[in-house]
Amino acid sequence: MLLSSILTVLALRTSSEVPSKSEGIPSASPRVRALCNRKKESGGGILCPPSTARQRVGYIKSKRYFYAVMEAEWRPDTSPTFVLFPGGLGDSVLTMALGGLGPCAFWGDEEPWRYRYGFTEQTNGIFIDAPGPTGFSTGPIEQTVEEIIDHMTVSVLELFKRYPRLNNKVHLFGFSASVCRFFPATLVAMLGDRIVKLHNSSVDLAGVLLMSGVVGPSEIYRGCYEMARERRLLTAEQLVNMSKALENCEHQIAMCNGNGVAPPPSPRDWPAECDDVEQNCMDAFFNPLEEKGIDLYDVRHEAEPEDYDIDDHPLHRYLNRPDVQRKLGVSGHWQHYNDEVLDALLKYNIYDATYHVEQLPDNGVKVLVLHGDQDYITNSAGALAWVLKLNGSIEYGSMLAKVAAENIPRCAPPHALGTRRSLEYTNGAKLAFTEGVPDLGVMGLHAVHLSLFAITAFVVGAEQRPRMHFNDSTGELKILVFSDLHYGEGEDKDRRSDAFQRKMLEAEKPDMVVFNGDAYSDYSAPETCKGSGDCTEWFEAQWGRFTSAVRQLQIPYAFTLGNHDHLPAGVKPDGKSVITYDSTHSGWSLSREASPGVSGGSVYYVPVYENSTAKGRPTGVLWMLDSGKENCMGLKGWGCATEDQIEWFKSQADSDELKGVQGIVFVHIPLQEILLYWNAYGGDPSLVTGLKTEDVCCSSVNTGLFAAAFDHNVSGIFHGHDHNNDFLARVESNSRTIHVGYGRKSGYGGYGGVLADVPGATVIVMKLSENRQSYSWSSYMRLERTSAMRNVAKQIEARRVLSRSDVQGICAGMT
């Protein structure tokens, strides 16, 4: 089905199916379940009085476009924002704002109902009536694509200047609404391209959604032919005629668009014969089905007559009431659609905006293409064929073609909402294609609700961090720890580390991953960028590489900074910027910026809850700290978790939320206590497991982290840094036990040695107690080559007995 047409028709047709105002929908995830069942008190603006969120309406000064701002019902200050332009050329955006996307809708009453399944539950919405005149917007009608894009760009910039706090993770949405009106997707793609290339643009553009639109017209018309043939919608003779028309249309569309030259010529420079190409092709592909009475939006059904009176619809009457218009600050007749706008701009429907779409991921903007699989006009087969041809700085389409489509779960089984192909690329770009499955019912409310959830997930995914919890059935949480991967030392090493990560992840299938420092090697950054003081581009490439596997496999991860994740002083990005980048560029990152006044970058905690629906206090907590680079507190040697970090840790551990909650600490550079316990108990396998085959390079100053951790119910402290040590010591005192030691050296970057040459990862399995109020944990090492490790163990077996040469007086690096 054409999803956007459902939204429009629902807004303009009196429905006999009225949902209960207190109805909730069961969900495939706790986050969606909580959203479905939320209730709020009344209040709000004139467009949606039952909402409590702020609403603003008005006109954009630079152009008489009418707009409506509807803030998110929940956490508007931190929620992302979408900017929606209406479905068809000439449609009013308020039809969709009050018909499925905003906080209210009309269900036969004269007043709007509170609607709890729209975008604005979790996102801020800006609705703009453009191009005009339509709705409450005024003219004159724009005559060229360039004029429209100019006005739309100025409008977006002006609105975010007017409402700066909404300029957060902005997503542009282009929708189609009915036959011949799929140009808005092209406009939004071009608008996104314009915004990312503006030198003075401050718009925080994060994504573009193209829903039931045509950006590659030739592929869509070919999809029409394939759909008619495969589903036997036409006779053999009609298919032959359509095949001939397809060849002619593809030739004419290519000619009008410069025969593949990128970017294509401006439509204003088209030869005159291009003006009629769209109408001729539409006649060739749409008329045969219409003559047989087939619904172009859902080919399984007969077309229904337009048997409802728009002027008599409650939405139309409401927006034309004098009291409503007075509160909106408008006057004049509200019209839901203006034919003149379509007539003026229809010829541009054959403009191929592929080049503009390819510019979006090249500039870090994610792209989602969404289509219904029963829609003929903007069919999913043609849309998918177009997506798989996208080729910017990376071969986006061909790489996405290798990704298997997966089902998108709906709130209630047995149906799936649709299928999705999605991929995150090494340059940080994201591309997804979603095909909606119509088995939920044509014009069915459930289909609309769930379609909105699927799209909303695209917008809020980066904002809604994964929520860590013990498995509902097994009561376990498995953590895979990668230490000292050292990306950036050459393609051969990076490629082997990529394969290593994949092997570990596929073998262990962890619930989360911790990158415990030195994910990349600062010394490998080019001297040119270090000399200029800005290695941001180099860092972003390394980040894209070492996080690629977990992002593609959609595994939540935490990241602590090691000494080699800190670039030299004065060179960008610093540690705080690194964590900010990670936390804002991946929907699977658990990283958070350090609290104001706390030094270091990776200073945060990850709560672990009893189960997927648990609220309140967590059952466990994972602490991430930043041990810096070198010379703790100015003393020669290695860096440390600074004293202000220790104070932050103690204040958080003593808070009402976390007081008494058992924790595990991850910090890259070892504490001095690790050397103390090796010297004391290294020869006792009952207290120390693992191996020490190089000197311990611990912090040059003891800042009190071990003592603070011991006093605040921490049961484990894991380090990296020393590639050839992997021992773990158990310390017991006053019925308390804490383990302190190393994770296994991972990957192929960095220096080698007897252990480092056999890379591995540390696995931590947390297990809930019977009363589910606490947990225990165990750990083991997963090695890439087990047989090689057995050989190493034989070589150093004698060193399991502590000798005088194994006793180390001070931390290495201090002299």
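How much area does the protein chain expose, and what share of it do carbon and sulfur atoms supply? I looked this up first, and found about 31300 Å² exposed, with carbon and sulfur atoms supplying 50%. The areas come from the Shrake-Rupley method with a 1.4 Å probe, and for residues only the protein chains shown count as cover.

A note on what I am reading: this is a predicted model, where local features need pLDDT of at least 70, side-chain atom pairs count only at pLDDT 80 or more, and totals for chains, interfaces and linings use all residues. Residues are numbered from 1 along each chain as its sequence is written, and side-chain values use heavy atoms, leaving out hydrogens and water.

**The whole chain**

I counted 24 helices and 24 strands; these are DSSP runs numbered from the N terminus (helices H or I, at least four residues; strands E, at least two). Of the 815 residues, 59% count as buried, meaning under 20% relative accessible area with a 1.4 Å probe, protein chains only. Among contacts (heavy atoms within 4.5 Å) with a separation of 6 or more, 74% join residues 24 or more positions apart.

**W386**

Next I went to helix α13, residues 380–387, which holds W386. W386 counts as buried because its relative accessibility is 5%. Beyond its neighbours within four places in sequence, I found W386 touching L210, V215, G216, E219, T354, V357 and V369. I also checked I220: its C-alpha atom is 7.9 Å from that of W386, although 166 residues separate the two along the chain.

**Helix α18**

Last, I looked at residues 536–546, helix α18, whose buried residues include W538, F539 and W543. The buried residues of α18 pack against α16, β14, α19, β15 and α20.

Definitions and conventions:
Buried means under 20% relative accessible area, exposed over 50%, partly exposed in between (1.4 Å probe, protein chains only).
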